[in-house]
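Here is a quick tour for someone meeting this structure for the first time. Have a look at the picture, then read on.

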Amino acid sequence: MSYRTVELVWIPRSTAEWATFGASRQEAARLWNALVLRYHRIRRLGWKWPSKLRWERWAITPMRRYPWRLYRYHDVVYTNQDARIRNGRLILPHGTSGALRIRLPDAVTLPGRLMEVRLSYGVVRLICEMADEAQPQETVSGVDLGVNTLVAATDGHKVIPISGRAAKATIQYRNKQLARIQQLQSGKQKRSRRHKRLQRRKYQLLDRSKRRVRDLCHKATHQVAEAFPNATCYVGEPFNDAAQRTGRVQAQQVSTACTRKLIQQLDYKTVGAIIVDEAYSSQTCPVCGWRSKHRRIYTCPHCGATGPRDAIGAVNILSLGVHGEMLPGRSLPTQVKYLRPWQRLRGQPRRSSGGHPARCSA
């Protein structure tokens with residue numbers, strides 16, 4: 001199931017609507033402020049931390065984060081049991097204060113079942129639930145996941161390797177700063193002012209790096225979905241036996257890679273993601289089947305076929321998904337287009353998102 005939000009621009013017009021609108025948002029703020037005070041009291045007295053169910057019993061709706069700030073007005077959330085649509089009007093009940101009746105424009109059509117309504121100042125958001133539609137398969141692609149190259153995808157005719165150096169640098173910087181903060185915390189008394197300050201800095205670092213990596217993964221998988229629309233993706237199984245036998249630095253890079261996130265995002269952005277065993281996929285020549293180890297550029301010592309190692313792995317993964325084995329006698333894609341998982345800023349050349357002169361040759 002997926003969800004879609006429809007936004008309506010709305011402001012109360014009559015005095016009665018303004019009174020009901022203000023009273024409801026003040027009541028929502030009162031409830032929020034009560035949770036803020038309860039939260040700080042629990043932390044100050046050192047009581048046992050409440051469970052999620054306990055917090056939901058105290059509040060009307062579940063919270064996405066713990067309350068930390070007092071408000072005079074707060075957004076009001078209605079479930080589909082409270083909000084209802086009658087004769088082209090959205091009715092929001094407020095008990096003894098009355099009800100708000102918002103006229104829906106004729107051009108607005110709800111894409112699915114109404115699940116939730118959020119009443120803000122000037123904006124009304126209607127969250128609807130939509131059934132997932134089955135997408136017809138148009139093509140098949142093989143995807144090789146890595147560290148330096150985040151994603152390498154091919155359909156047998158073209159290859160798009162997407163750089164993963166930005167995600168790798170973000171994770172390395174996070175690990176380095178996290179170790180430094182933890183070293184500073186080891187010399188401070190727990191629950192002291194300096195210890196709490198370092199703890200807040202650590203949480204900010206983790207949140208910032210998490211958002212950065214998530215954004216890079218979304219952009220990379222979006223580029224794969226655009227290059228191969230309505231494709232079934234065969235993805236190599238990450239963290240195989242070969243990855244577990246690597247060195248300490250390589251093992252940390254592989255273990256902190258965002259491969260599972262990429263597989264989940266490919267699964268819902270394309271027709272589907274099927275995991276296959278990728279053992280020796282980057283070491284086997286698709287032309288003659290000769291197996292040998294190489295660095296970033298694969299050059300077969302038997303037949304002379306050459307190309308990026310990630311492209312070789314993606315071609316073999318495609319063969320594994322379609323035929324069940326890495327069959328020799330296949331041709332390498334002639335078009336290799338290197339991409340980066342971020343948008344080009346204004347004033348920068350288009351080289352970052354354009355093609356690369358490298359080619360595969362047999």
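Helices (H or I, at least four residues) and strands (E, at least two) are DSSP runs here, and their numbers count up from the N terminus. With that in hand, one can place Arg 191 in the loop between helix 3 (165–186) and helix 4. Keep in mind that this is a predicted model.

**The open sheet**

Let's begin with the sheet. Its 6 strands come in the order 12-11-8-9-10-15, and the sheet is open with mixed pairing. Which strands stand at the edges? They are strand 12 (272–276) and strand 15 (335–336), and each has a single partner strand, so one side of each has no neighbour in the sheet. As a bit of background, strands of a sheet pair through backbone hydrogen bonds, and they can do so parallel or antiparallel.

Both kinds of pairing turn up around strand 10. On one hand, strand 9 (residues 149–154) and strand 10 (residues 158–163) run antiparallel and are joined by 5 bridges. Thr 149 has Ser 163 in strand 10 as its bridge partner, and Val 151 stands opposite Ile 162 in strand 10. The two strands make a hairpin with 3 residues between them, and Gly 156 in that turn has a positive phi of about 100°. On the other hand, strand 10 and strand 15 run parallel, with 2 bridges joining them. There, Val 159 is matched with its bridge partner Val 336 in strand 15.

Two helices lie across parts of this sheet. Helix 4 (residues 193–227) crosses strand 9 and strand 10, and runs at about 170° to strand 10. Helix 8 (residues 309–323) lies across strand 8 (139–145), strand 9, strand 10, strand 11 (231–236) and strand 12, at about 130° to strand 8.

**Another strand pair**

Now for strand 2 (residues 76–79), which is joined to strand 6 (residues 113–119) by 4 bridges, with the two running antiparallel. Tyr 78 has Val 117 in strand 6 as its bridge partner. In a regular strand the side chains alternate between the two faces of the sheet. Strand 2 shows the alternation nicely: Val 76 and Tyr 78 point to one face and are buried, while Val 77 and Thr 79 point to the other and are not.

**Residues in loops**

A few loop residues deserve a stop too. Asn 87 has a positive phi although it is not a glycine, and so does Arg 191. Asn 87 sits in the loop between strand 3 (84–86) and strand 4 (89–93). Here are the two together:

| Residue | Phi | Relative accessibility |
|---|---|---|
| Asn 87 | about 55° | 81% |
| Arg 191 | about 70° | 69% |

Why does Asn 87 count as exposed? The cut-off is over 50% relative accessible area, and Asn 87 counts as exposed because its relative accessibility is 81%. Arg 191 counts as exposed too, at 69%.

Ser 292 is another loop residue, found between strand 12 and strand 13 (297–299). Is Ser 292 buried or exposed? Ser 292 is buried, with a relative accessible area of 15%. Its side chain makes a polar contact with the side chain of His 294, at 2.7 Å. Setting aside neighbours within four places in sequence, Ser 292 is in contact with Gln 283, Tyr 298 and Pro 301.

Notes: Residues numbered from 1 in each chain as written. Predicted model: local features only at pLDDT ≥ 70, side-chain atom pairs only at ≥ 80, totals over all residues. Heavy atoms only, no water. Pairing = 2+ DSSP bridges. Contact = heavy atoms within 4.5 Å. Axes fitted to C-alpha atoms, helices over the stretch in contact; angles between N-to-C directions. Buried < 20%, exposed > 50% of the residue type's maximum accessible area, 1.4 Å probe, protein only. Polar contact = N/O pair within 3.5 Å; in protein donor to acceptor, adjacent residues only side chain to side chain.
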